[in-house]
Every structure is written in structure tokens, then in C-alpha cells.
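Student: Could you take me through one spot in this protein up close? I'd like to know what sits around one particular side chain, and how far I can trust the picture.

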Amino acid sequence: MKRRKAQRTNQNIMRGIVAMALVVLLVAWLFLSLISCADSRPTFSVSGSISDAEDSTLIVEAMTLTGPQALDSVRLKADGTFDFNVPLPPQDSTASPEFYRLRIAQQVINFAHDSTEAIIIKAPFARMATDYDIQGNEASRTMKTISLLNIQLQQQFHRLLADNSLSNLEKSERLQALVDEYKTTLKRDYILTNPASAAAYYALFQTVGSQMLFDPERDKNDVQYFAAVATQWDQLYPAAQRTENLRNIAIRGLKNTRPSRPIQLDLDSEKVHEVGVIDFGFPDISGRERRLTDLHDNVVLLDFTAYSLPQSQQRIILLRELYAKYHSRGLEIMQVSLDADEHYWKTMCEKLPWVCVFCAEGIANDIVQLYGVNSLPAFFIVGRGSELKARGEQIPDLTKAIEAEL
């Protein structure tokens, strides 16, 4: 009896082991099938060499709409050669061009892929980002020209900012002139000449420092360039994610920059007369509502801005100097962000010492319209007791205007 019971137990154990083995085999088969399906995706070749880069890690990254995504990497040998088979994103036959980059540390080479099956890149490690040679498609060579112009612009920025013979105002004016010149070149030579190209798309998203060069959310002149590229891509690549992104940006920009509509607000006229300004409240970085009249004991520099503007960094430098000089005497700065991206605003203003608030509706907000903000930046001097003293275009010398109120 005991022997039969032991035999049944052993049989049950064996059945369990067999069942477990079958499950493992099934999982392994599914895993291998998934790998096989992934490997069956179309690929293109990116090969070449980076000289004098032995033991450096070369990474190939896809530049997706949400940021860089590493696809593959290799530790370079003495000859610096590499050969990547890069999988294409799962899209249909009308897929748009896609964007990629090779990267070693902070040095990058940007390139595009359309219908080309092979791209060859050669570069010296010390000047990888500037002296590379790329073969395979015309768009990538044009992107190189755009990138070199951007690098040249940033070098000019560094030289200007280090020039102690210039005042901050002179630096700001010259920096803006350089940005405007670069922007004009992109519009004339790379966007309007062929809006359907990968190079036109690449030009639209150029940055200066961490700032977008074009501001399609706020600048009605910039919207037209996004709209031009979006229209062409919508005809050629109607199902592509990049086309949808371009279309959405253009629509938001057209909405935000439409002519101002008449605004009817039920304002307490006695209160407006009493405080001298139209009061408002917007959330700060921690979500706390900050009202303009809460600063009634201070002289306030009220600044409507967007941190995505190309001149934003230079403006922050000027405001820091004013704040450091006059805050102890009663100056406060209230900066109202009209950026489209709240996360970006939080990142940019996290370390700023003054009051930073966010207006989610942007320039279309009724309060912003009541202040007559039609372009950015726009600023006002609010005296103690919340009395509106002057707006930016009425102030020939901001420092003197602040000192007069203090």
C-alpha cells in the first residue's frame, strides 16, 4: 500500500516536472519568436570610422519625438571602424524621414534616413562634430551645414559674453542680431527652398543653448514656417507621427497668434482704481497661487516672457544683475511664463530667486490680453501700493525707472 502511494507521488512529481519543462519551452519559443520578429524589421547600415578614438564608446541613437533613444553601441578598436544595422521604426510605406545621431560623450554627428540603405561616416575623434564626412544622402550633408552654422553662432556667443568692454545691453543687442541673422539664413536657404525636405524639418528645431530658435507657439512670423513644412509633409507623409506633430504645432501657433478679440470682464472698478493695476493670480513651481497684489510692499518688475525665446538666457543675466543690486532695497520681480511646455518652464525657473508663475493659456489668456501683451518679452513697473507706473516701451532707462520708485 505504501509502495503504491509512493509510486503515485513519484508519477505526480514527474508530471509536474514535464509540465514545467513544457511551459519553459513555450516561453522560450515565444521569446525567440519575438526576437525573430524584431530582427525581421527593415534596417539600414551606418558604418565608417572614428580615428584616434580607441576604447571610446560610440553610440547610435534615434532622435524620437520624446528625445534620444539609444539603439546600439560599440567600443572602438585601434582602427576606429564601426558597422551598425539600425532598425527602422514600425511605420507604413508613407513614413517620413527619420533622424539619428552618432555620439561619443558630448560630441555628436546628426544625420537623417529616408530611402537610403547605407550611410558612411568618417571623422577624426578630436573634431568629430565638425570635420566629419558623410555619404549616403543629401539631407544629411545639408544638416551638417546647418549644424556648423549653429556651432559658429554659439562660438560667437561665448566670445561676446566674455568681452568685458561691452555693457550688458550692448551684449544683448549684438547677441540678438546674431540670432536674427542665423534665423534668416535658415528661413531663406533651408526651409523655404524645399519645405518637404528632412533638412527643412531639422532647421525648424534648431536650438541656441537650450532655447528653441523658432517660437511657433507665440511668434506669428515663425508659425508660417512650421505651417509651410507641415503642409508639404502632410501631402507626402500623411500617416507619419512627425507630420502629426508638425500639424499640431502649427495649429496651436495659429490659434495663439490670432488677432486679439474684444475682452469683456466684470471688473470691480473701485478695486482697480484703488490698487492701480488689474490683479491676477497664477501658480508658481510648487502649485501655490501667487497674486500680483501680494507684493504691494515692493516695487515690482512685472515681466511677461517665455523661457523658450532665443534671447531668454541673456535676459535672465540682466534680471539677475538688477535683482542682486536692488532686491535688498525693495525690488521684486514677478515673471509670468507664457511657455507652451510647463515641464520646460519648471526646469528653467527652478533656480531663479524671484517669483516665477505659469500661465497655461499663454498669450491668449484674458489677463495677458488686458495688459496689452502682443509680443514677448513685455514688462511693467509696478510701484509700492500696487500702482502701475509704466510699461517697457515707455521706459528709456530701466535702472533709473526702478531707482526712482525705490
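Tutor: Let's settle one term before we zoom in: a contact here means heavy atoms within 4.5 Å. With that in hand, let's look at Gln206, and keep in mind that this is a predicted model.

Gln206 sits in the loop that runs between α4 (198-204) and β9 (207-208). Leaving aside residues up to four places away in sequence, Gln206 touches Ile146, Asn150, Tyr182, Leu186, Gln211, Met212 and Leu213. Is Gln206 buried or exposed? Its relative accessible area is 6%, and the cut-off for buried is under 20%, so Gln206 counts as buried.

Now for the polar side of things. One of those neighbours, Tyr182, does more than touch: its side chain makes a polar contact with the side chain of Gln206, at 3.1 Å. There's a backbone partner to look at as well, since a polar atom of the Gln206 side chain lies 3.3 Å from the backbone oxygen of Tyr202.

Let's put two other loop residues beside it. Ser386 is in the loop between β16 (378-383) and β17 (387-391). With a relative accessible area of 4%, Ser386 is buried too. What catches the eye there is the backbone: Ser386 isn't a glycine, yet its phi is positive, at about 60°. Asp55 also has a positive phi without being a glycine, this time near 75°. You'll find Asp55 in the loop between β1 (43-51) and β2 (57-64). Its relative accessibility is 45%, so Asp55 counts as partly exposed.

Stepping back to the whole protein, there are eleven helices and 17 strands, and 44% of the 406 residues count as buried. Among contacts with a separation of 6 or more, 62% are between residues 24 or more positions apart. The accessible surface comes to about 22200 Å², and carbon and sulfur atoms hold 52% of that.

As for trust, the mean pLDDT is 83, with 83% of residues reaching 70 or more. Which stretches drop below 50? Residues 35-39 stay under 50, and the model gives them zero contacts beyond four places in sequence. Residues 260-275 are below 50 as well, but that stretch has 16 contacts beyond near neighbours in sequence. Where pLDDT is low, the predicted coordinates should not be read in detail.

How values were computed. Residues are numbered from 1 along each chain as its sequence is written. This is a predicted model: local features need pLDDT of at least 70, side-chain atom pairs count only at pLDDT 80 or more; totals for chains, interfaces and linings use all residues. Side-chain values use heavy atoms; hydrogens and water are left out. pLDDT is the predictor's confidence in each residue, from 0 to 100. Helices (H or I, at least four residues) and strands (E, at least two) are DSSP runs, numbered from the N terminus. Buried means under 20% relative accessible area, exposed over 50%, partly exposed in between (1.4 Å probe, protein chains only). Accessible areas come from the Shrake-Rupley method with a 1.4 Å probe; for residues, only the protein chains shown count as cover. A polar contact is a pair of N or O atoms within 3.5 Å; within protein, one must be able to donate a hydrogen and the other to accept it, and residues adjacent in sequence count only if both atoms are side-chain atoms.
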